[in-house]
Amino acid sequence: MSVHVALIKIEEKKISSEKAKKFIASEKNGAESIFVGRVRNENGGKKVIGVTYDAHDQAVIKSFESICKNAKNKFDKNGKIFLEHAKGYASVGEISILIAVGSGHRDEAFKICRHVLEEVKHQSPIWKKEHYTDGKEEWLPGHSLRPKKQVK
Amino acid sequence: MEIHLKLYGSSKILSDKDILNVQLPNNSNIQNLRKVLTKIISEKYSKSNLNSLPRTAAFFSEKDEVINDNYKLKDKEFISIIPPIGGG
């Protein structure tokens with residue numbers, strides 16, 4: 001198996017970079033690229049204490065599988081990809097997304113990693129609600145999946 | 001007719017539950033659903049940031065596929081509202 005994708009209920013289980021490294025490990029790899037996204041403590045001048053991630057589970061998994069398949073077809077058919085994203089409440093510093101790629105060469109490894117991240121942001125139905133130190137919370141704006149010409 | 005709207009992201013403000021039951025005229029399509037949601041939001045949630053939601057949201061069928069504005073809704077059908085996304 002060369003692709004692993006999952007949504008992780010973050011209150012029950014953490015996203016593990018060690019697990020990702022083990023998954024992509026191969027003697028065929030000349031390069032490994034790992035992207036770790038974390039919840040940060042500030043956004044637009046507001047002090048953040050955590051983020052709740054909501055997701056349409058089935059559609060997210062479908063999109064993850066499609067994104068990884070397309071990335072392999074585009075850059076390296078023999079590449080290995082590990083992709084996990086958090087669901088639920090994550091505190092500042094916790095991992096929200098982890099992408100690990102094993103590939104024959106560095107260029108492909110970097111490209112697959114970047115490609116997967118950008119496509120997740122534009123295709124996968126995941127939403128973020130930020131929680132602030134003053135007790136307020138806010139769903140963040142995002143990218144509409146409705147065709148652009150129809151969004152007037 | 002009535003449809004069951006599964007709520008995600010910011011649309012969860014529309015109900016304490018994960019599903020909002022929406023009454024629609026018979027033979028309604030997604031475009032009609034957008035109009036009804038616009039009315040609900042303007043009447044009950046005008047102070048929220050949901051005003052643009054009926055315009056910017058996509059909708060998924062029970063097969064988790066995007067459906068267009070001409071899609072004919074069926075009575076008791078489950079539809080997912082997909083507000084603008086932003087994971088990562």
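# Notebook: a predicted model of chains A and B

**Entry 1. Chain A, order of elements**

I read chain A from the N terminus, and its elements run β-α-β-β-β-α-β-β-α-β-β. Chain A has a radius of gyration of 16 Å against the 15 Å that the globule rule gives for 152 residues, so chain A is as compact as a globular protein of that length. My tally of the elements is three helices and eight strands. I note here that the model is predicted.

For the extent of chain A, I took a box along the principal axes; the C-alpha atoms fill roughly 50 × 40 × 25 Å. I then looked up burial, and 38% of the 152 residues of chain A count as buried. For contacts in chain A between residues at least 6 apart in sequence, I found that 75% join residues at least 24 apart.

**Entry 2. Two positions in chain A**

I looked up A:Phe35, which lies in strand β2 (residues 31-38) of chain A. Is A:Phe35 buried, exposed or partly exposed? I counted 16 C-beta neighbours inside 10 Å, so A:Phe35 is partly exposed. Leaving out residues up to four places away in sequence, A:Phe35 touches A:Ile99, A:Cys113 and A:Leu117. I also checked A:Phe35 against A:Leu83: the two are 48 residues apart in sequence, and their C-alpha atoms are 9.7 Å apart in space.

The second position was A:Ser66, in helix α2 (residues 57-75) of chain A. A:Ser66 has 14 other C-beta atoms within 10 Å, so I entered it as partly exposed. How far apart are the C-alpha atoms of A:Ser66 and A:Glu42? I have them separated by 32 Å, with the two positions 24 residues apart along the chain counted as their sequence separation.

**Entry 3. Chain B, order of elements**

I turned to chain B, which has two helices and four strands. From the N terminus on, I read the elements of chain B as β-β-α-α-β-β. The radius of gyration of chain B is 12 Å, which agrees with the value near 12 Å for a compact globule of 88 residues. The C-alpha atoms of chain B fill a box of roughly 35 × 30 × 20 Å along the principal axes.

On burial, I have 31% of the 88 residues of chain B as buried. Among contacts in chain B with a separation of 6 or more, residues 24 or more positions apart account for 53%.

**Entry 4. The sheet of chain B**

In what order do the four strands of the open sheet in chain B stand? I traced the order as β2-β1-β4-β3, with mixed pairing. β2 (19-23) and β3 of chain B are at the edges with a single partner strand each, so one side of each has no neighbour in the sheet. Ignoring direction, I have neighbouring strands of this sheet turned by 35 degrees against each other on average.

I followed the pairing of β4(B) on both sides. Strand β1 (residues 2-6) of chain B and β4(B) run parallel and are joined by three bridges; B:Lys6 stands opposite B:Ser80 in β4(B). β3(B) pairs with β4(B) in the antiparallel sense, over three bridges. There I looked up B:Phe59, and its bridge partner in β4(B) is B:Ile81. I noted that β4(B) is mostly covered, with four of its five residues buried.

**Entry 5. Where the chains meet**

I counted the residues in contact across the two chains: 19 of chain B and 28 of chain A. Which elements of chain B each supply at least two residues of the side that touches chain A? I listed α2 (53-56), β3 (58-60) and β4 (78-82) of chain B. Sorting that side of chain B by class, I got nine nonpolar, seven polar and three charged residues.

**Entry 6. The nonpolar core**

I looked up the largest nonpolar core, which has 54 residues. The residues with the most contacts inside this core are A:Cys68, A:Ile81, A:Leu83, A:Ile99, A:Val101, A:Val116 and B:Ile82.

I followed B:Ile82 further, again leaving out residues up to four places away in sequence. In chain A, B:Ile82 touches A:His56, A:Pro125 and A:Leu145. In chain B, B:Ile82 touches B:Tyr8, B:Ala57, B:Ala58, B:Phe59 and B:Phe60. I note that B:Phe59 is also the bridge partner of B:Ile81, and that A:Ile99 is among the residues touched by A:Phe35.

How values were computed. Residues numbered from 1 in each chain as written. Chains lettered and ligands numbered in written order. Predicted model: local features only at pLDDT ≥ 70, side-chain atom pairs only at ≥ 80, totals over all residues. Rg over C-alpha atoms; globule rule 2.2 N^0.38 Å. Buried ≥ 20, exposed ≤ 12 C-beta atoms within 10 Å, placed from the backbone. Contact = placed C-beta atoms within 7 Å. Core = buried A, V, L, I, M, F, W, Y, C linked by C-beta atoms within 7 Å. Nonpolar A, V, L, I, M, F, W, Y, C, P; charged D, E, K, R; others polar. Pairing = 2+ DSSP bridges. Axes fitted to C-alpha atoms, helices over the stretch in contact; angles between N-to-C directions.
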